[in-house]
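This report concerns the packing of one helix and the surroundings of the ligand. Please consult the sequence and the structure shown below while reading.

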Amino acid sequence: MPAPFDPIDVIGLPTDQKRALQGERLTALVTRLASCGNPFWSERLADVDPSSINSVDDLPLLPFTVKQDLRDQYPLGMVTTPMEATTRLHASSGTSGKPTIVVYTPSDLAVWAEVNARALALAGTRPDDVLHNGYGYGLFTGGLGLHYGGERLGCTVVPVSGGNTALQLQLLEDLGSRVLSATPSFCLVLAERAHAQGIRDRLGVEVGILGAEPWSEGMRQRIHEAWGGCFTALDIYGLSEVIGPGVAMEAPDDLGALNVFDDHFLPEIVDLETGQPLPDGEFGELVITTLTKEAMPVLRYRTGDITRILSDGGDTAGPGTRNWTRMARLTGRADDMLIIRGINVYPREIETVLMDDPDVGANYAIVVDRRGAMAELRVRAEATSDATTGGRLDVGAERLSKVLADRLRIRTAVELVADGSMPRTEVGKVKRVFEQVGDIDPLG
Ligand code: DLL
């Protein structure tokens, strides 16, 4: 008999023990960064006395790290261990210019596998499951992050990556995978295609580990329906600068809350403009300190992601039998915010309005038209098949444009198009927001 895998801790330490551990880890991290000889950290911590950092309450005494730091230190300036101690590199594709590189030691990879195993276990994945991993393999952290998490848990991982939908459906059917990890948009593509081919009922997929893209509660409902009403879509959060996927995970008995694995990733919420820490419950920018990373730790990394800390589950009943810091699912990214004729709006709010309408399917695109003096907003959304065959496209478009005007106070030209007529994203992250600056319509 092979040896059983070590158990995965999905509960976490009681609050006081956890705080003590976090404090110890933070002190050790700051002491190491200040003395490891890395020029970036020597300079960044020049004004910090490591002996003054004794607990998580001292976090505000530490400087932030921002995305620009990683860009400025490209490629390896933020690596704090000798190269012979590092064994893996990933990168996130920058929207402009150079990618951001992240590097791991074997211990970093072990932590990463552990937190992804926790995420999978929280979702109800078991060692006897076949995990169909549809996240992209390669420089992107999604594929290998969930892959090693699945193996750590004892699953049989199918490293199928993104794309090649026909093969994916065949494998899903033949292997009977119960758990699917993928972006929410690709999860929908698989469901739609399975339905169109008449094989959806033959697939055994029950749980989705979905992340890497923003997705709303309405989208959760669409995904649930697309799989025929017996599918639990759960949110997984992470970012490469911190480790990749596995920073936080939603559990099926506590929907809407992401459990942050705060023995490794210490979360704070700060005011977007002032950077001042905000009390629990208030929306702001998520800031994360990596407590255990060796090769490329970050101190108070400004993620750009907007959320809030939810009230503590405590050490008692219900979802509170778990001790992780709970945060709300993400509202959007600070840099995703659109300013349309003076009004601030996040694409996620537009998605919420669209998904509230029963005639809208799951695909849409937003165009910010910047040709005139003032930006204008245009939305193209796919109708459901019912609304398409029922000829409700024009009336639906008119209704949606009224709701957007009422709820978001933004005049929007809405176009409702036939079911199946918009392109699908089978590889990588879906792009929902486009800019128009010249005569070429970005939606074709
Ligand atoms: O997207 C890591 C990942 C892979 C997470 C697979 C979950 C599953 P990056 O490419 O560095 O890493 O992108 C990180 O994506 O700062 C968020 O803005 C966004 N993001 C990630 N997960 C979610 C989520 C991976 N669950 C950036 N909801 C982050 C909303 C998400 N946005």
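The buried residues of helix H8 pack against helix H7 (184-196), strand E6 (207-211), strand E7, strand E8 (244-250), helix H9 (347-356) and strand E17 (360-369); contact here means heavy atoms within 4.5 Å. Helices (H or I, at least four residues) and strands (E, at least two) are DSSP runs, numbered from the N terminus. This is a predicted model, in which local features need pLDDT of at least 70 and side-chain atom pairs count only at pLDDT 80 or more, while totals for chains, interfaces and linings use all residues. Residues are numbered from 1 along each chain as its sequence is written, and side-chain values use heavy atoms, without hydrogens and water.

Helix H8 spans residues 217-226, and its buried residues (under 20% relative accessible area, 1.4 Å probe, protein chains only) are Gly218, Met219, Arg220, Arg222, Ile223 and Ala226. After H8 comes Gly228, with a positive phi near 90 degrees.

Strand E7 (232-239) and helix H5 (141-153) are the elements that each give two or more residues to the shell around the ligand. The largest share, 5 residues, comes from E7. Among the 20 residues around the ligand (a heavy atom within 4 Å), Asp235, Ile236, Ser240, Asp305 and Lys429 come nearest.

The table lists polar contacts with the ligand (pairs of N or O atoms within 3.5 Å).

| Protein atom | Ligand atom | Distance |
|---|---|---|
| Glu213, backbone N or O | nitrogen | 3.3 Å |
| Ser240, side-chain N or O | oxygen | 2.5 Å |
| Lys429, polar side-chain atom | oxygen | 2.8 Å |

Technical notes
A polar contact is a pair of N or O atoms within 3.5 Å; within protein, one must be able to donate a hydrogen and the other to accept it, and residues adjacent in sequence count only if both atoms are side-chain atoms. Buried means under 20% relative accessible area, exposed over 50%, partly exposed in between (1.4 Å probe, protein chains only).
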